[in-house]
Amino acid sequence: MSTRLFHISDVHFGVENPAALASVARAIEADKPDALLCTGDLTQRAKRREYAAAARWFGQFELPILFDPGNHDMPYYNLWERFTDPYRRYRGIAGRLGGALTSPDALVIPLKTTVRVQPRFPWSDGVVTRTSLARTLEALREVRSDSRTKLITCHHPLLGPAGASRNPTIGGERAFAALVDAGADAFLSGHVHVPFDQTRSYRNRAARMIGTGTLSTRLRRGAPPSYRVIECDQGRITTELRELSVDRA
């Protein structure tokens, strides 16, 4: 029996789309996936009330939830906290509601692509530090002989749009190549609010890159709110993009 995962991202509590969230909640109740993956931007401005709203929504589900931090999940207005402990509020929800996937078909391994500060502005695009990459590589090496599908979750896509001259994610190419070498089969991400499902390559390393849309009112390039259903079955990955034709209310 295959492993079914729901992949959501960019919920942006504070400017969330309540109808879209209600639709996802109904689908989780009906389909009973094995886990819910949220690849970042739980909140819009990392305010306490936004995290409280996120905790109420995620807390309704009785299934493993795996979180990744997004660039919006660090304080925007409390610069002292951003520089001294930027993930404190995020850890509050991830530590309390986050779980682990136990599956015969899939392994989910996170890669952090956010940093508290970076040498460019705005601080919204991704950065893969050597420390973050080393941590994920070590986790992959520990399961190198495991035959299950290895999924890397991160907030920012590691490679830029196909054909683009610039990659918005600093260190993304290096990370992509190293993680594919270490056994990664696919990368799940969000951030751009536009879904995609592509096989991409860099320096003769190829892997699947799968992105889902937003569940907020911050729509881009005409893409409606969406989420993905991902099935892993004996090394095969199939995905279904579910676009939501819903109002904001």
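## Parallel packing of H2 and H4

Angles under 35 degrees between N-to-C directions count as roughly parallel. In this predicted model, helix H2 (residues 48-58) packs with helix H4 (residues 88-97) at an angle of about 15°, their axes lying 10 Å apart. H2 and H4 are therefore roughly parallel to each other, and H2 passes H4 in a right-handed crossing.

On the side of H2, the contact is made by Arg48, Tyr51, Ala54, Ala55 and Phe58, while H4 contributes Arg88, Arg89, Tyr90, Ile93, Arg96 and Leu97. Sorted by character, the residues of this contact of H2 with H4 comprise seven that are nonpolar and four that are charged, with no polar ones.

## The five-stranded sheet

Five strands form an open sheet in the order E3-E2-E1-E9-E10, and the pairing within this sheet is mixed. Its edges are strand E3 (65-67) and strand E10 (236-243), each of which pairs on one side only. From one strand to the next, the twist averages 20°.

At the E10 edge, strand E9 (residues 226-233) runs antiparallel to E10 and is joined to E10 by eight bridges. Within this pairing, Glu231 stands opposite Thr238 in E10.

## Helix H1 on the sheet

Helix H1 (residues 18-31) packs on the sheet, where H1 touches strand E1 (3-8) and strand E2 (35-38) as well as E9 and E10. The direction of H1 makes about 175° with that of E1, and since angles over 145 degrees count as roughly antiparallel, H1 and E1 are roughly antiparallel.

Definitions and conventions:
Residues numbered from 1 in each chain as written. Predicted model: local features only at pLDDT ≥ 70, side-chain atom pairs only at ≥ 80, totals over all residues. Heavy atoms only, no water. Pairing = 2+ DSSP bridges. Helix = DSSP H or I, 4+ residues; strand = E, 2+ residues; numbered from the N terminus. Axes fitted to C-alpha atoms, helices over the stretch in contact; angles between N-to-C directions. Contact = heavy atoms within 4.5 Å. Parallel < 35°, antiparallel > 145°, perpendicular 65-115°, else oblique. Left-handed = near helix turned anticlockwise from the far one by under 90°. Nonpolar A, V, L, I, M, F, W, Y, C, P; charged D, E, K, R; others polar.
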